[in-house]
Amino acid sequence: MGKTSKDKRDIYYRMAKEGKWRARSAFKLLQIDDEFNIFEGVTKVVDLCAAPGSWSQVVAKKLILEQKDEEIRKKTKIVAVDLQPMSPLEGVIQLQGDITE
Ligand SMILES: C[S@@+](CC[C@H](N)C(=O)[O-])C[C@H]1O[C@@H](n2cnc3c(N)ncnc32)[C@H](O)[C@@H]1O
């Protein structure tokens, strides 16, 4: 008997669901950061075409939720923009609109 469509989903899809990430693309950003340490010293992020928000989730986790320095946490701003509405994310300012406008 063939696999159901759910079974066919790849390991990153399943890991995303288990890890509460909104999409498997979260792992791409986590892997890029593991290799290149891209969030070092970053306090301002604009996530363009952000929905459903997995990259914003990663950024918020790295820059706000895991930030121990309160001063840095206070000055950190993350803005997510998408045509589609997104469920709220702690620490992320959300704008619904066209990034080209
Ligand atoms: C593949 S999804 C992005 C996934 C997201 N990076 C994540 O990690 O969850 C692509 C998104 O681009 C958005 N999009 C496409 N054109 C856009 C535009 N001109 N302005 C704003 N959002 C746009 C779509 O609404 C869609 O949600």
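1. Residue Y12 and helix 2. In this predicted model, Y12 belongs to helix 2, which covers residues 11–18. Its relative accessibility is 33%, and Y12 therefore counts as partly exposed. Y12 also takes part in a nonpolar patch on the surface, together with I11 and M15. The accessible area of I11, Y12 and M15 together is about 260 Å². As a general background, nonpolar side chains in soluble globular proteins tend to be buried together. A student may wish to compare that tendency with the patch just described and with the core treated next.

2. The nonpolar core. The largest nonpolar core has 19 residues. Which of these residues touch the most other members? They are W21, F39, V58, V59, I78 and V92. At least two residues of this core come from each of helix 3, helix 4 (54–65) and strand 2 (77–82). Helix 4 makes the greatest contribution, with five residues.

3. The surroundings of F39. When neighbours within four places in sequence are left aside, F39 is in contact with L29, D33, V58, V59, K62 and L63. Two of these partners, V58 and V59, are named with F39 among the core residues that touch the most other members.

4. The pairing of the strands. Strand 1 (residues 44–48) runs parallel to strand 2, and five bridges join them. Strand 2 is also paired with strand 3 (residues 92–96), again in the parallel sense and over five bridges. Individual residues show how the strands are matched. V45 has I78 as its bridge partner in strand 2, and D47 has A80 as its partner in that strand. A80 in turn has Q94 as its bridge partner in strand 3. One can thus follow the pairing from D47 to A80 and from A80 to Q94.

5. The cover of the strands. Is strand 2 largely enclosed or largely open? Five of its six residues are buried, so strand 2 is largely enclosed by the rest of the structure. Strand 1 has two faces that differ in cover: V45 and D47 form the covered face, whereas K44, V46 and L48 form the uncovered one. Both residues of the covered face have been met above, V45 as the partner of I78 and D47 as the partner of A80.

6. The salt bridge between D10 and R24. A search of the whole structure finds four salt bridges, and three of them are considered in this note. In the pair formed by D10 and R24, the closest N and O atoms are 2.9 Å apart. Why does this pair tie together parts that are 14 residues apart in sequence? D10 lies in the loop between helix 1 (5–8) and helix 2, and R24 lies in the loop between helix 2 and helix 3 (25–36), so the bridge links these two loops. Both residues are partly exposed: D10 has a relative accessible area of 30%, and R24 has a relative accessibility of 37%.

7. Two further salt bridges. E66 forms a salt bridge with K61, with 2.5 Å between the closest N and O atoms. E66 is partly exposed at 40% relative accessibility, and K61 is partly exposed at 33%. E70 forms a salt bridge with K74, and here the closest N and O atoms are 3.7 Å apart. How far apart do E70 and K74 lie in helix 5? They are four residues apart, about one turn of this helix, which covers residues 70–75. E70 is partly exposed, with a relative accessible area of 45%, while K74 is exposed, with 53%. The two residues fall into separate classes because exposed means over 50%.

8. Backbone geometry in the loops. Most residues other than glycine have a negative phi, and most peptide bonds are trans. Three places in the model deserve attention against this background. N37 is not a glycine, yet its phi is positive, at about 50°. N37 is found in the loop between helix 3 and strand 1, and at 43% relative accessibility it counts as partly exposed. C49 likewise is not a glycine and has a positive phi, of about 60°. C49 is located in the loop between strand 1 and helix 4. The peptide bond from A51 to P52 is cis, with omega near 5°, and P52 too has its place in the loop between strand 1 and helix 4.

Terms used
Residues are numbered from 1 along each chain as its sequence is written. This is a predicted model: local features need pLDDT of at least 70, side-chain atom pairs count only at pLDDT 80 or more; totals for chains, interfaces and linings use all residues. Side-chain values use heavy atoms; hydrogens and water are left out. Patches are made of residues with over 30% relative accessible area and no salt bridge: like charges are joined within 9 Å, nonpolar side chains (Val, Leu, Ile, Met, Phe, Trp, Tyr) within 5 Å. Accessible areas come from the Shrake-Rupley method with a 1.4 Å probe; for residues, only the protein chains shown count as cover. A salt bridge is a side-chain nitrogen of Lys or Arg within 4 Å of a carboxyl oxygen of Asp or Glu. Buried means under 20% relative accessible area, exposed over 50%, partly exposed in between (1.4 Å probe, protein chains only). A nonpolar core is a set of buried Ala, Val, Leu, Ile, Met, Phe, Trp, Tyr and Cys residues joined through side-chain atoms within 4.5 Å. Contact means heavy atoms within 4.5 Å. Two strands pair if DSSP finds at least two bridges between them.
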